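Colleague: I would like a close look at one part of this model, with its surroundings taken in as far as they bear on it. Please keep it plain.

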Amino acid sequence: ILSYIAIIFVLGMRNQTVGVDTKSYYTIFAKVSTVSFSELVKNYYYLTIEVGYILLMKVVSIFGNYYLFQFVVATMACMLFAKFIADNMQNYFLGIILWFDLYLLLFNISRQMLAVALIANCWSCLNHRKKGKALVLFIFAGMMHTTAWLFAAIYLVYLVRNNKFII
């Protein structure tokens with residue numbers, strides 16, 4: 001737990017110049033924090049970021065600044081990846097190597113990696129026959145980043161994989 005706190009702290013306290021997308025997220029966060037919820041929902045598309053991520057920005061902006069937002073995203077992604085690795089990896093050494101790679105990506109493409117963390121746990125839920133929870137995670141992932149919707153094909157194949165009427 002202490003190592004995760006340190007990792008989250010480093011991700012949360014990084015400067016806007018660290019990472020590919022961080023500066024643009026900082027600028028968008030500043031815009032989002034000044035707009036009302038109703039205006040934001042009505043016109044979110046102008047920000048070119050998915051509505052889930054924008055709404056997350058808005059909620060966090062009520063309680064704090066951009067660094068708090070980075071902490072929230074880092075905490076969500078780190079905990080989701082930790083859960084996925086703990087639930088699915090029998091070789092923890094391999095899990096640590098995987099985690100290190102994912103951690104480094106969080107510095108650059110945090111929104112995409114949050115979606116990946118949600119999708120990974122969606123897959124885990126499917127493997128444990130928790131279809132409702134998997135669907136919720138899938139929808140949240142799609143609301144964070146559009147590429148998560150590509151998982152729909154895998155999700156559909158998973159749902160019909162034992163159907164003898166489908167070739």
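The request and a connected reply follow.

Colleague: Which residues of helix α4 (residues 51-63) are placed on the surface patch, where does Val60 sit, and what does Met57 touch?

Modeller: A caution comes before the details: this is a predicted model.

I begin with the outer side. A nonpolar patch on the surface is formed by Phe37, Val59, Ile62, Phe63 and Leu68, which together have about 480 Å² of accessible area. Helix α4 (residues 51-63) supplies the largest share of this patch, three residues. Ile62 belongs to helix α4, and its relative accessible area of 52% makes Ile62 exposed, because the cut-off for that class is over 50%.

Val60 lies in helix α4 as well. Its relative accessible area is 6%, so Val60 is buried, the limit being under 20%. With neighbours within four places in sequence left aside, the contacts of Val60 are Phe29, Asn65, Leu68, Phe69 and Val72. Leu68 is also one of the residues of the nonpolar patch on the surface. For a sense of distance, Val60 and Tyr103 are 43 residues apart along the chain, and their C-alpha atoms are separated by 22 Å.

Met57 takes the account to the core. Not counting residues up to four places away in sequence, Met57 touches Tyr25, Ile28, Phe29, Val32 and Phe69. Phe29 and Phe69 are also among the contacts of Val60. The largest nonpolar core has 50 residues, and those touching the most other members are Leu11, Tyr53, Met57, Phe69, Trp99 and Leu114. Two or more residues of this core come from each of α1, α2 (22-33), α4, α5, α6, α7, α8 (131-144) and α9 (151-160).

Two of these contributing helices show how their buried residues are arranged. In helix α1 (residues 2-12), the buried residues are Ile7, Ile8, Leu11 and Gly12. Viewed down the axis of α1, they fall within an arc of 130 degrees, so they line one face of the helix. Leu2, Ile5 and Phe9 are exposed on the other side of α1. The cover over the buried residues of α1 includes α5 (66-88) and α6 (92-108). In α9, Phe151, Tyr155 and Tyr158 are buried. Down the axis of α9, these buried residues fall within an arc of 60 degrees, so they too line one face of their helix. Leu156 and Val157 are exposed on the face of α9 turned away from its buried side. Here the cover includes α7 and α8.

Past the end of α1, the loop between α1 and α2 holds Met13. At 42% relative accessibility, Met13 counts as partly exposed. Leaving aside neighbours within four places in sequence, Met13 is in contact with Tyr67, Gln70 and Phe71. Between Met13 and Tyr66 there are 9.6 Å from C-alpha to C-alpha, with the two residues 53 apart in sequence.

Charged pairs come next. Side chains of opposite charge can pair when their charged atoms come close. The whole structure contains two salt bridges by the search made here. One joins the side chains of Arg111 and Glu50 at 2.2 Å, N to O. This pair links distant parts of the chain, with Arg111 in helix α7 and Glu50 in the loop between α3 (37-43) and α4, 61 residues apart. Arg111 is buried at 10% relative accessibility, and Glu50 is buried at 13%.

The other pair is Asp87 with Lys83, whose closest N and O atoms are 2.6 Å apart. Both residues lie in helix α5, four residues apart, about one turn of the helix. Asp87 counts as partly exposed at 37% relative accessibility, and Lys83 counts as partly exposed at 38%.

Lys83 also has a contact in helix α7 (residues 110-127), where Asn121 is placed. Asn121 has 4% relative accessibility and counts as buried. Apart from neighbours within four places in sequence, Asn121 is in contact with Leu80, Phe81, Lys83, Phe84 and Leu137.

To return to helix α4: Ile62 is exposed, Val60 is buried, and Met57 is among the residues that touch the most other members of the largest nonpolar core.

Notes
Residues are numbered from 1 along each chain as its sequence is written. This is a predicted model: local features need pLDDT of at least 70, side-chain atom pairs count only at pLDDT 80 or more; totals for chains, interfaces and linings use all residues. Side-chain values use heavy atoms; hydrogens and water are left out. Patches are made of residues with over 30% relative accessible area and no salt bridge: like charges are joined within 9 Å, nonpolar side chains (Val, Leu, Ile, Met, Phe, Trp, Tyr) within 5 Å. Accessible areas come from the Shrake-Rupley method with a 1.4 Å probe; for residues, only the protein chains shown count as cover. A salt bridge is a side-chain nitrogen of Lys or Arg within 4 Å of a carboxyl oxygen of Asp or Glu. Buried means under 20% relative accessible area, exposed over 50%, partly exposed in between (1.4 Å probe, protein chains only). The arc is that of the directions from the helix axis to the C-beta atoms. Contact means heavy atoms within 4.5 Å. A nonpolar core is a set of buried Ala, Val, Leu, Ile, Met, Phe, Trp, Tyr and Cys residues joined through side-chain atoms within 4.5 Å.
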